[in-house]
Amino acid sequence: MMIISSGPRRLLIAVVSAVAALVPFYSAHAEMSAWAENEGGRMRLVALAPDAGGKIRAALQIEPKPGWITYWKEPGNSGIPPQVTIAPESSVSLDAIAYPVPKHFFKGAIEDIAYDAPVTLPLSLTAPGKGPVTIDAAAFIGICKDICIPFQASFELKLGPAIQSRPEEEAILQAADARLPKPPSQDFDVTAHAMSPDRKTLSLDLVLPGEGKAAPDIIVTGPSGYAFTKQIGGKRDGATFKVDISIGKLPKDYDIASKQWSVLVIDGKRAMETTLAFQ
């Protein structure tokens, strides 16, 4: 099991409410906001005008400074997952956040699933009607080095007409999409999964795209706040891989029946993410 352990590095230097009160509002009459900055990095909001169906492609760009990291969607209990919220009075709604493939870091007893370089999180939004569109959004992330700093900023974007070309924004969004894990395919998939009766181990059968001998990196996410990465007895035979993932303690009275977990598998330069459904 990995509920990523807390340690001295995880002491926050400011409470969230104090940080939120000090961060200004970043407004722009364009498809790209100004950068919000703090000690460990910077972030901004990028968007394209709605398509004919009201769908908006957008993204949160995060650039940690060298030596700093920011977290993936499920960092466990020691980090701060990215959060994006849309103001109730805004004319748009947030449908989904996507997450590029992260890195797996080990530093002593601390285990992180995070990004140590610029990363762009694609956002899917919807705008009702055909009138002017304004995105009022707040982003909240953790930027961490020896300490972890909560970083919050508010952004406002007033989107122009869709007929205008926005090559810079389009390039940013295309690059972000290219870094997302792919869905399962014939040569990269979880072919079977089973939870042990005592719920201590999750058995996985995989087909992998390479013929290497190394074990892939596997990150299983279950209940909110839980990520599991410890592999037991993995055996790779060409393109097939069988392994148990240590689960350990789950929330009290947690019933796995009918639940859906996720698994991210990183094998060399390829990554695949899929859902594990339990009966």
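# Bridges, burial and sheets

Me: Why do the side chains of arginine 42 and glutamate 63 count as a salt bridge?

Reply: Their closest N to O distance is 2.9 Å. The cut-off is 4 Å, between a side-chain nitrogen of Lys or Arg and a carboxyl oxygen of Asp or Glu. Arginine 42 and glutamate 63 therefore qualify. The model is predicted, and the values here are computed from it.

Me: What makes this a link between distant parts of the chain?

Reply: Arginine 42 sits in strand 3, residues 41-47. Glutamate 63 sits in strand 4, residues 55-64. The two are 21 residues apart.

Me: Why is arginine 42 called partly exposed?

Reply: Its relative accessibility is 29%. Buried means under 20%, and exposed means over 50%. Arginine 42 falls in between, so it is partly exposed. Glutamate 63, at 23%, gets that label too.

Me: How many salt bridges are there in the whole structure?

Reply: A search finds nine. One of them joins aspartate 95 and lysine 55.

Me: How do you know that aspartate 95 and lysine 55 form a salt bridge?

Reply: The N to O distance is 3.8 Å. That is within the 4 Å limit, so the pair counts. Aspartate 95 lies in strand 7, residues 93-97, and lysine 55 lies in strand 4, so parts 40 residues apart in sequence are tied together.

Me: Buried, exposed or in between: what are aspartate 95 and lysine 55?

Reply: Aspartate 95 has 44% relative accessibility and is partly exposed. Lysine 55 has 45% and is partly exposed as well. Exposed would need over 50%.

Me: What makes arginine 57 and aspartate 177 a salt bridge?

Reply: Their closest N and O atoms are 3.2 Å apart. The limit is 4 Å, so the pair passes. Arginine 57 is in strand 4, and aspartate 177 is in helix 2, residues 167-178. They stand 120 residues apart. Arginine 57, at 36%, is partly exposed. Aspartate 177, at 35%, is too.

Me: Why is glutamate 31 called buried?

Reply: Its relative accessible area is 1%. Buried means under 20%, so the label holds. Glutamate 31 lies in the loop between strand 1 (25-28) and strand 2 (36-38).

Me: What does the side chain of glutamate 31 join in a polar contact?

Reply: The side chain of arginine 166, at 2.8 Å. The cut-off for a polar contact is 3.5 Å, so this one fits. Setting aside neighbours within four places in sequence, glutamate 31 is in contact with residues including Leu45, Val46, Leu157 and Glu169.

Me: What makes up the chain overall?

Reply: Two helices and 20 strands. The chain has 279 residues, and 47% of them are buried. Its accessible surface comes to about 13600 Å², with 55% belonging to carbon and sulfur atoms.

Me: In what order do the strands of the open sheet with strand 13 run?

Reply: The order is 13-14-18-17, with antiparallel pairing. Strand 13 (189-195) and strand 17 (231-237) each have a single partner, so one side of each has no neighbour in the sheet. The twist averages 15° from one strand to the next.

Me: How do you know that strand 13 and strand 14 pair?

Reply: They share six bridges, in the antiparallel sense. Pairing takes at least two, so they pass. Methionine 195 stands opposite leucine 202. Valine 190 has leucine 206 as its bridge partner. The two strands form a hairpin with five residues between them. Arginine 199, in the turn, has a positive phi of about 60°.

Me: How many bridges join strand 14 to strand 18?

Reply: Seven, and the strands run antiparallel. Leucine 206 stands opposite phenylalanine 241 in strand 18.

Me: What makes strand 16 and strand 20 edge strands?

Reply: Each pairs on one side only. They belong to an open sheet in the order 16-15-19-20, with antiparallel pairing. Inside that order, strand 15 (residues 217-221) and strand 19 (residues 260-267) pair over five bridges. Valine 220 stands opposite valine 263 there.

Methods:
Residues are numbered from 1 along each chain as its sequence is written. This is a predicted model: local features need pLDDT of at least 70, side-chain atom pairs count only at pLDDT 80 or more; totals for chains, interfaces and linings use all residues. Side-chain values use heavy atoms; hydrogens and water are left out. Helices (H or I, at least four residues) and strands (E, at least two) are DSSP runs, numbered from the N terminus. Axes are lines fitted to C-alpha atoms, for helices over the stretch in contact, and angles run from 0 to 180 degrees between N-to-C directions. Buried means under 20% relative accessible area, exposed over 50%, partly exposed in between (1.4 Å probe, protein chains only). A polar contact is a pair of N or O atoms within 3.5 Å; within protein, one must be able to donate a hydrogen and the other to accept it, and residues adjacent in sequence count only if both atoms are side-chain atoms. Contact means heavy atoms within 4.5 Å. Accessible areas come from the Shrake-Rupley method with a 1.4 Å probe; for residues, only the protein chains shown count as cover.
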